[in-house]
Each structure stands twice: as C-alpha cells, then as structure tokens.
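Student: I should like to learn how the features of a protein model are read. May we go through them one at a time?

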Amino acid sequence: MTDRLRIALQKKGRLADDSFELLKKCGLRFAIRGGGLLARVKNMPIDLLLVRDDDIPSFVANDAADIGIVGENVLVEEQLTAKTPLDANIAMRLGFSRCKLCLAAPEQGAVKSSKDLNNTRIATTYPGVTAQYLDEQGLTAKLVDMKGAVELAPSIGIAESICDLVSSGATLEANKLAAFETILESEAVLIRSGRKLSPAKADILDKLMNRIDGVLKSKETKYIMLNAPKTQVDAITELLPGSDAPTIIPLAGSDDLVALQAVCTENIFWETLEDLKGLGARAILVLPIEKMMA
Ligand code: ATP
Ligand code: ZN
C-alpha cells in the first residue's frame, strides 16, 4: 500500500489543460510527457493517473484512483449507464469547463421543441442522460447511439435531432442546428468515493482541497488601494463589493486625506472605479490576489 494520493485526470482534451493548471496553482510540481500513464508529483506525495475522461468515474469508484477531476456531464452519464451504481460523488465544484448538454435540431426542420420529439430519433453520445430526460418528460423517442460527430446526424438522415454538449454554440451554427432545450449544465468537478482514506492520504487530500478552495476564491478576489477624503470613508466602503472593514492609514503631511485598503471578494468593474472617483477617491489601484488562506 502506498500513501501517495492518486488523482485521475484527463490525459488530453478540453479538461486536461485546465486541470493541470489548477494543480500547478496549488503548488504541485510535475511534468506531463507524452504516453505515460502515471506522472509523479515531485514535491508532494501525489501521483497523477492520466486517462480518458470517460474512465475517471469508474476508476475512482473501483479504487484505481483516490480522487478524480472530470466533467459533471461525464460523471452523471457514467452513473446512469453503469451496470452497478458507481461509488463516485462530487466533493467540490471547480468552475471551469462549463458547458451545457442541449437538444438541438435543424433550423428549418419539424422539431422545434421537446414536444415535437415523440416518435423521432435523437442522436447522442449521452444515452443515459438523454433517456432520463425523455422519461421524466413522458416523451417517446428512439436514441441513436454515436461515439462522436453527433452534429452530422441530421444532415446524413439518421436522426431528426441531437443531444450534445454546447459551449459557444459555434458547432451548432456551423451545422445549421438550433438548440431548443438544455437538459444538463456542467462544470469540472472533483470526485471521490465513500471509501475511507488512510490518515496520510486524508491529510494530503485535506491540504489539496484547501489549496483548491484558495485558488478558486482568489480568482474573483481583488485588493484595492486608494486615497480618499476622511469624510468620504464610509460612503466609499459601502461601494466596495464584498469587502470587510477596510484598513485606514493616515497619509504623511495630510490632515484630511487617508489611504484605504480592502480585500474585495467580487470583481471590481470600471463603473465602481468611476463612482469611487466621484466620491473623491484618488490614486486608485486594483491588484490581483495570487493566493488566499483564511
Ligand atoms: P477523451 O479522449 O478523454 O474521452 P473527449 O473527446 O470525450 O475526451 P473532450 O472533448 O476533451 O472529451 O471534453 C472533455 C470534457 O470537457 C467534456 O466532457 C466537458 O465536460 C468539457 N467540455 C466539452 N466541451 C467543452 C467546451 N467547448 N469548452 C469547455 N469544456 C468543454
Ligand atoms: Zn471522453
């Protein structure tokens, strides 16, 4: 038994780079070289298992990995189509790889909404989620199971509509398809099973999840510094989005001006800066925060 925490990650694809980047921001040092199944993290007792995303939920459920990073869409699909229930659940939402699983049909075709689906064919690589949706809605349609290139199904005449992942919508548009229903919204998630980890692994996971939390929080959080008339400090503090009590520092050689500094947990827009200026704030600086720990 090794006490290195094993994380299953997508080897290559739309989840992979953001997953690697998140782990690097958490301080993990590793190099991904082509071909290898396992990558060792040099500065922490962690190994990365590099696989296809579809395998990640079952690897976590079957103890090939302790945790995994996967699209919620894949997790839900694998859970719905597994022969026995998968012991893999969301431990944390990660906020990247956001996409939607949508029903779409040719712009000029007969299917305009879900109620037109009865007795038609739907092409998809997500038979589990699609079948569940049809069931819930009391609709009857035949699923055409595909492995990819689902967007071509209507034009080659094998289905009247499709159920596929959409992010920008460019692929749908290029194929003259229009989405008419969203059946699942997805983002990358950290998953784990209900198994108990060894104390050493549990410690590493705890540390990692705290760091991930810090990375996600620091994305939106900004540090703001400005000079302001003493009389306007309350009004200015009120304008700062999601900030606690600011730090107020006297300014050398000035009786009526102070320096004000605060951590804002929400994005600061140009409009807010203009309003601050309107209240007499000057020399306004907004700085990114690289790391946070409460
Ligand atoms: P694999 O070879 O690992 O099976 P794949 O071809 O099934 O890869 P990708 O296309 O790399 O999968 O997508 C992986 C995941 O990224 C999807 O399951 C989804 O959660 C998310 N995703 C899909 N499309 C987008 C997109 N356009 N933008 C951001 N994330 C996306
Ligand atoms: Zn896949």
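The dialogue below takes up sheets, ligand sites, buried residues and backbone angles in turn.

Tutor: Please keep in mind throughout that this is a predicted model.

Student: Let us begin with the sheets. In what order do the strands of the five-stranded open sheet stand?

Tutor: A sheet is read from one edge to the other, strand by strand. Here the order of the five strands is S8-S7-S9-S6-S10, and the pairing is mixed. The edges are held by S8 (142-145) and S10 (177-186); each has a single partner strand, so one side of each lacks a neighbour in the sheet. From one strand to the next, the twist averages 30°.

Student: How many bridges join S7 to S8, and do the two strands run parallel or antiparallel?

Tutor: Strand S7, residues 121-124, is joined to S8 by four bridges, and the two run parallel. One pair to look for is isoleucine 122 with its bridge partner in S8, leucine 143.

Student: What is the strand order in the open sheet of four strands?

Tutor: That order is S13-S14-S12-S15, with antiparallel pairing. Strands S13 (247-250) and S15 (282-288) are the edge strands; each has a single partner, so one side of each is without a neighbour in the sheet. Neighbouring strands of this sheet are turned against each other by 20° on average, direction ignored.

Student: How many bridges link S12 and S14?

Tutor: Eight bridges join S12 (residues 222-229) to S14 (residues 257-264), and these strands run antiparallel. Opposite lysine 222 one finds cysteine 264 of S14. S14 also pairs with S13 in the antiparallel sense, over four bridges, and threonine 247 has glutamine 261 in S14 as its bridge partner.

Student: Which way do side chains point along a strand?

Tutor: In a regular strand, the side chains alternate between the two faces of the sheet.

Student: Let us turn to the ligands. Which residues coordinate the zinc ion, ligand 2?

Tutor: A metal site is read from its donor atoms and from the angles among them. Asp53 and Asp54 coordinate the zinc ion (ligand 2) through OD atoms, at 2.1 Å. The four donor atoms make angles of 74 to 172°, and the site is irregular.

Student: Are these two aspartates buried or partly exposed?

Tutor: Aspartate 53 counts as buried because its relative accessibility is 17%, under the 20% limit. Aspartate 54, at 30%, counts as partly exposed.

Student: How many residues surround ligand 1?

Tutor: There are 15 residues around ligand 1, and the closest are Arg14, Arg52, Asp54, Asn73 and Ser167. Asp54 thus appears in this list and also at the zinc ion. Individual contacts are then read by atom and distance. An oxygen atom of ligand 1 is 2.7 Å from a polar backbone atom of arginine 14. An oxygen atom of ligand 1 also lies 2.7 Å from a side-chain N or O atom of asparagine 73. For serine 167, a side-chain N or O atom is 2.5 Å from a nitrogen atom of the ligand.

Student: Where does glutamine 10 lie, and what does its side chain reach?

Tutor: Glutamine 10 is in strand S1, residues 5-10. With a relative accessibility of 9%, glutamine 10 counts as buried. Its side chain reaches two backbone atoms: the oxygen of lysine 12 at 3.2 Å and the nitrogen of leucine 15 at 2.9 Å.

Student: What separates the C-alpha atoms of valine 166 and cysteine 99?

Tutor: Positions that are distant in sequence may be brought together by the fold. These two residues are 67 residues apart along the chain, and their C-alpha atoms are separated by 5.7 Å. Valine 166 belongs to strand S9, residues 161-166, and counts as buried at 11% relative accessibility.

Student: How should I read the sign of phi?

Tutor: Most residues other than glycine have a negative phi.

Student: Where is serine 97, and what is its phi?

Tutor: Serine 97 is in the loop between S5 (89-93) and S6 (99-106), and its phi is positive, near 50°. Serine 97 is partly exposed, at 23% relative accessible area.

Student: In which loop does lysine 176 lie?

Tutor: Lysine 176 lies between helix H5 (170-174) and S10. Its phi is also positive, near 55°, and the residue is exposed, with a relative accessible area of 58%.

Conventions:
Residues numbered from 1 in each chain as written. Chains lettered and ligands numbered in written order. Predicted model: local features only at pLDDT ≥ 70, side-chain atom pairs only at ≥ 80, totals over all residues. Heavy atoms only, no water. Pairing = 2+ DSSP bridges. Axes fitted to C-alpha atoms, helices over the stretch in contact; angles between N-to-C directions. Donors = N, O, S within 2.8 Å, 3.2 Å for Na, K, Ca; no water. Tetrahedral: all angles 85-135°; square planar, octahedral: opposite > 155°, others 65-115°. Buried < 20%, exposed > 50% of the residue type's maximum accessible area, 1.4 Å probe, protein only. Near = heavy atom within 4 Å. Polar contact = N/O pair within 3.5 Å; in protein donor to acceptor, adjacent residues only side chain to side chain.
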